[in-house]
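Me: I'd like a close look at one part of this model rather than a tour of everything. Could you pick out the nonpolar core and talk me through what builds it and what sits around it?

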Amino acid sequence: MTTFRFVHPIEVRYADLDPQRHVNNAVVFSYLEAARARYLEHLGLWNGADFDEIGIILAETSCRYLAPIVYGQSVEVAVAVTRLGTKSLTQDYVIRDRSTGAELATGRAVLVAYDYRQGLSIPIAPEWRRVIGEFEGGEE
């Protein structure tokens, strides 16, 4: 079982809904993306401004939808790095109802350490490895 030490609240907007009156499946990926960015900012690994310095690029993402998310529902995305490889890392996500704790969706992303100026993958920086390892409880 994954331990989630970072949680990002999400406001479900009217524009997020589809004709079935629940959050559109594509919008759920934007929730994961928002939580991913806030996680990096929280750990001090990215300042939220310089996109050439973000240091990662999305290689793969997936989502399992468990229950509809509806307008006005208070939700949050919990994030954890569950694997640190040589050049990539894996983040797991759970979207939950903030009132009940019910899981609404789960997700996963594989991120590759990336130098945008050179246009190539690179090893995960030692500083990232240290900061993430300490935050996630010593996983390296």
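Reply: Here's a walk through the core, with the overall fold first and a buried acid at the end.

Keep in mind that this is a predicted model. The protein has two helices and six strands, and from the N terminus on the elements run β-α-β-β-β-β-β-α. Its radius of gyration is 16 Å, close to the 14 Å that the globule rule gives for 140 residues, so the protein is as compact as a globular protein of that length. The C-alpha trace spans about 45 × 30 × 25 Å along its principal axes. Of the 140 residues, 41% count as buried. If you take contacts between residues at least 6 apart in sequence, 64% of them join residues at least 24 apart.

Now for the core itself. Nonpolar side chains tend to be buried together in soluble globular proteins. The largest nonpolar core here has 34 residues, and Val 77, Ile 95 and Ile 132 touch the most other members. At least two residues each come from strand S1 (6-11), helix H1 (25-42), strand S3 (74-84), strand S4 (88-97), strand S5 (103-115) and helix H2 (126-135). H1 gives the most, with seven residues.

Ile 132 is a handy place to zoom in. Setting aside neighbours within four places in sequence, Ile 132 is in contact with Tyr 39, Leu 43, Leu 45, Val 81, Leu 84 and Leu 89. Ile 132 is also one of the buried residues of H2, along with Trp 128, Arg 129, Val 131 and Gly 133. The buried residues of H2 pack against H1, strand S2 (56-65), S3 and S4. After H2 comes Gly 137, with a positive phi near 95°.

S4 also carries a charged residue worth a look, Asp 92. Asp 92 has 7% relative accessibility, and because the cut-off for buried is under 20%, Asp 92 counts as buried. What does the side chain of Asp 92 make a polar contact with? The partner is the side chain of Arg 108, at 2.5 Å. Leaving out neighbours within four places in sequence, the contacts of Asp 92 are Thr 2, Phe 4, Ala 78, Val 79, Ala 80, Thr 82, Gly 107 and Arg 108.

As for the outside, the accessible surface comes to about 7800 Å², and 50% of that belongs to carbon and sulfur atoms.

Definitions and conventions. Residues are numbered from 1 along each chain as its sequence is written. This is a predicted model: local features need pLDDT of at least 70, side-chain atom pairs count only at pLDDT 80 or more; totals for chains, interfaces and linings use all residues. Side-chain values use heavy atoms; hydrogens and water are left out. A nonpolar core is a set of buried Ala, Val, Leu, Ile, Met, Phe, Trp, Tyr and Cys residues joined through side-chain atoms within 4.5 Å. Buried means under 20% relative accessible area, exposed over 50%, partly exposed in between (1.4 Å probe, protein chains only). Helices (H or I, at least four residues) and strands (E, at least two) are DSSP runs, numbered from the N terminus. Contact means heavy atoms within 4.5 Å. A polar contact is a pair of N or O atoms within 3.5 Å; within protein, one must be able to donate a hydrogen and the other to accept it, and residues adjacent in sequence count only if both atoms are side-chain atoms. The radius of gyration is taken over C-alpha atoms; the globule rule is 2.2 Å times the number of residues to the power 0.38. Accessible areas come from the Shrake-Rupley method with a 1.4 Å probe; for residues, only the protein chains shown count as cover.
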